[in-house]
Amino acid sequence: MMWLYQSLDILSTITESASLLVFGICFCKKFRFAYPGYKWCILGIYFICVYAFTWCSELGAYKMLVFIIIGIVILKIFYKDSIYQCVVAYEIHFIVSSVIPESIGTLVFTLVLNEDLIVRVGSRYFLRWETYFFVLAIRALSVFVIYKICRKNQYQLMWKDAFVLTIVFAIGFFMFMKNTFTHLNLGTVSEISSCIIEVVLPLFFMIFFLYVRNTLYLREQEQKDKMQIAQLQKQFDYYQAKQKDEERVRSVYHDMKNHLLILQQQINSPETARMVEELQAQVAMYEDYVHTGNGILDIILREKSGLAREKQIALSVTVGFNCVDFIEPLDISTIFGNALDNAIEASERLPVEQRVILVKTGKIQNFLSIVIQNNCTEESKPAKKRTTKNSDFLHGFGISNMQKAVGKYDGQLTTKCEKGKFVLKILIPIL
């Protein structure tokens with residue numbers, strides 16, 4: 001019979017390891033490695049550790065504490081999430097995959113069979129083999145139900161949240177150990193109501209707590225998204241209005257230039273000549289007008305060029321946008337408007353001779369490449385991809401908005417700050 005129990009234990013360990021993988025995916029979102037397939041290593045490593053400590057050690061009841069530590073360490077190795085997130089993910093896994101199935105399985109078979117569940121096989125003691133199958137079924141059902149409830153969790157736990165949940169977990173774990181001890185050593189079985197209160201209630205509280213926190217977080221994010229959309233639409237409407245103004249000005253530009261030249265030749269007054277020169281200087285910027293092939297982008301570059309001149313920043317632009325007609329105007333406004341705002345802001349903090357911004361856009365094979373580079377100080381390096389402006393509403397969403405805009409087209413946005421240069425790179429597949 002030993003082979004049967006070994007096979008059942010292997011199957012039980014596999015399902016327990018799979019549960020850790022499932023709840024790691026539910027609660028930990030920042031995978032540490034580039035290849036997602038490495039997540040399966042969580043299952044393999046945890047299986048090896050549990051199986052080894054089960055059959056090759058004499059730790060007894062202390063094995064559970066060892067499993068808890070190993071599980072949390074494995075999650076922390078494979079995920080960049082905070083230790084609080086990893087701890088709570090393991091606590092949920094442990095209650096769902098171990099505490100609930102084993103408590104219910106032991107209780108049900110004791111009440112139904114009304115006999116001792118412990119059998120001796122060789123020199124070891126086991127529960128009846130039927131109990132293992134029942135426990136596996138309860139485990140699979142529990143994991144499935146809790147996964148369906150928690151799979152959309154986005155809330156990142158704070159230490160206060162983790163502290164509350166760990167206290168509740170400790171209570172549930174203590175009750176589980178107490179019931180197990182009284183059953184195995186004293187031969188008594190807790191009442192059904194007691195089992196539900198002592199084992200199921202802690203899990204219910206933890207899931208309800210996480211559900212409420214996540215719901216509030218998602219609502220807050222929804223409000224922020226609405227604010228971002230309103231801000232981006234406002235910015236886009238501004239550029240559209242500017243585009244219409246620019247078109248009206250360009251329609252009279254050439255005539256105005258010729259009229260000023262004629263007027264300059266006919267005047268004799270130095271004051272009038274000076275006025276004409278000032279007028280010529282005001283319209284001279286149209287000589288350097290950048291034609292990118294996209295009207296909205298032309299306006300953005302024109303406005304940012306003027307702002308850069310005011311702040312004594314050298315802005316060099318090499319942009320080809322003729323073959324890019326699949327990107328929506330609002331997204332063009334989001335990407336270039338925010339990127340140039342960030343570059344101008346960083347350049348302002350530098351000496352005048354270091355204020356340089358380079359913008360280069362073009363087609364590379366089947367990709368649209370956008371590179372924006374500016375000099376910066378080490379303090380300019382964005383922390384957690386946030387900017388340094390005081391107003392989070394006006395500027396704090398800049399990088400995240402750009403990432404969302406690029407993500408709509410399956411593109412990638414990367415930033416790098418080293419050796420006094422900040423480089424923003426965007427690659428978007430050309431449809």
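In which sense do strand 6 and strand 7 pair, and over how many bridges? They pair in the antiparallel sense, over seven bridges. This is a predicted model. The protein has twelve helices and seven strands. The points below take the whole chain, then the paired strands, then a cavity, then one residue in helix 1.

**Overall picture**
- The protein has 431 residues, and 40% of them are buried.
- Contacts between residues at least 6 apart in sequence often span further: 73% of them join residues at least 24 apart.
- About 24100 Å² of the protein is exposed. Carbon and sulfur atoms supply 61% of that area.

**Strands 5, 6 and 7**
- Strand 7 covers residues 421-429 and pairs with strand 5, residues 367-375. This pairing is antiparallel and runs over nine bridges.
- In strand 5's pairing with strand 7, N375 stands opposite K421.
- Strand 7 also pairs with strand 6, residues 412-418, again in the antiparallel sense.
- On that side, L413 stands opposite I426 of strand 7.
- Strand 6 and strand 7 form a hairpin with two residues between the strands. In this hairpin, K419 takes a positive phi near 55 degrees.

**The second largest cavity**
- Two cavities of 30 Å³ or more turn up in a search of the whole structure.
- The second largest cavity holds about 50 Å³ of space.
- Its lining consists of A339, N342, A343, I372, N374, I399, F422 and L424.
- Helix 10 (329-348), strand 5 and strand 7 each supply at least two of these lining residues.
- Helix 10 gives the largest share of the lining, with three residues.
- By class, six lining residues are nonpolar and two are polar. No charged residue lines the second largest cavity.

**T13 in helix 1**
- Helix 1 spans residues 2-27, and T13 lies within helix 1.
- Is T13 buried or exposed? T13 counts as buried because its relative accessibility is 2%, and the cut-off for buried is under 20%.
- Leaving aside residues up to four places away in sequence, T13 touches F47, V50 and Y51.

**Links between the topics**
- Strand 7 appears twice in the pairing, once with strand 5 and once with strand 6.
- Strand 5 and strand 7 also return at the second largest cavity, where each supplies at least two lining residues.

Notes:
Residues are numbered from 1 along each chain as its sequence is written. This is a predicted model: local features need pLDDT of at least 70, side-chain atom pairs count only at pLDDT 80 or more; totals for chains, interfaces and linings use all residues. Side-chain values use heavy atoms; hydrogens and water are left out. Helices (H or I, at least four residues) and strands (E, at least two) are DSSP runs, numbered from the N terminus. Buried means under 20% relative accessible area, exposed over 50%, partly exposed in between (1.4 Å probe, protein chains only). Contact means heavy atoms within 4.5 Å. Two strands pair if DSSP finds at least two bridges between them. Accessible areas come from the Shrake-Rupley method with a 1.4 Å probe; for residues, only the protein chains shown count as cover. On a 1 Å grid over the protein atoms alone, a cavity is a set of points where a 1.4 Å probe fits but cannot get out, and a pocket is an open set with protein on both sides within 12 Å along at least five of seven lines; lining residues have an atom within 4 Å of a point. Grid points are joined across faces, edges and corners, and a volume is the space filled by probe spheres set on the points. Ala, Val, Leu, Ile, Met, Phe, Trp, Tyr, Cys and Pro count as nonpolar, Asp, Glu, Lys and Arg as charged, and the others, Gly among them, as polar.
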